[in-house]
Amino acid sequence: MNQRKDTYRAALQREPDVVAPRHAKVARLHTRYVRVTIELDPALPRELTRWVGPPVSAILRVGATVLRPLTGAP
C-alpha cells in the first residue's frame, strides 16, 4: 500500500511532458454576420497521402488489369 502511495505521489510531482507546438495554417473568413476560423494541421497532406494512397493505387492496378485484355497489350 505504501509503495502504491509513493508511486502516485511521485507521478504527481513529475513535470508534464513538453510537446513542441505545431504551426497550424490558419484561414479566416470574415463576413458581416459570420466569422469562421479554420486551422489546418501541417501534417494533413502527409496523413491524406498515407490514408488515400493505398486504395487509389489498388484501384489503378485493378483498372490496368481489366483494360489489359481489352487493348490486346501483353
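Analyst: Helices (H or I, at least four residues) and strands (E, at least two) are runs assigned by DSSP and numbered from the N terminus. This is a predicted model, where local features need pLDDT of at least 70, side-chain atom pairs count only at pLDDT 80 or more, and totals for chains, interfaces and linings use all residues. Residues are numbered from 1 along each chain as its sequence is written, and side-chain values use heavy atoms, without hydrogens and water.

User: What pattern does the protein chain follow along the sequence?

Analyst: Let's start with the parts: the protein chain has two helices and two strands. Reading along the sequence puts them in the order α-β-β-α.

User: Which helix holds Leu44, and is Leu44 buried, partly exposed or exposed?

Analyst: Leu44 belongs to helix α2. Buried means under 20% relative accessible area, exposed over 50%, and partly exposed in between (1.4 Å probe, protein chains only). Because its relative accessible area is 34%, Leu44 in α2 counts as partly exposed.

User: How far does α2 reach from its first C-alpha to its last?

Analyst: Helix α2 has 28 residues. The expected span is 1.5 Å times one less than the number of residues, which for α2 is 40 Å. Close to that, α2 reaches 38 Å.

User: Which residue follows α2?

Analyst: Look just past the helix for a residue with a positive phi, near 80°. The residue that follows α2 is Gly72.

User: What share of the residues in the protein chain is buried?

Analyst: The protein chain has 74 residues. Among these, the buried share is 1%.
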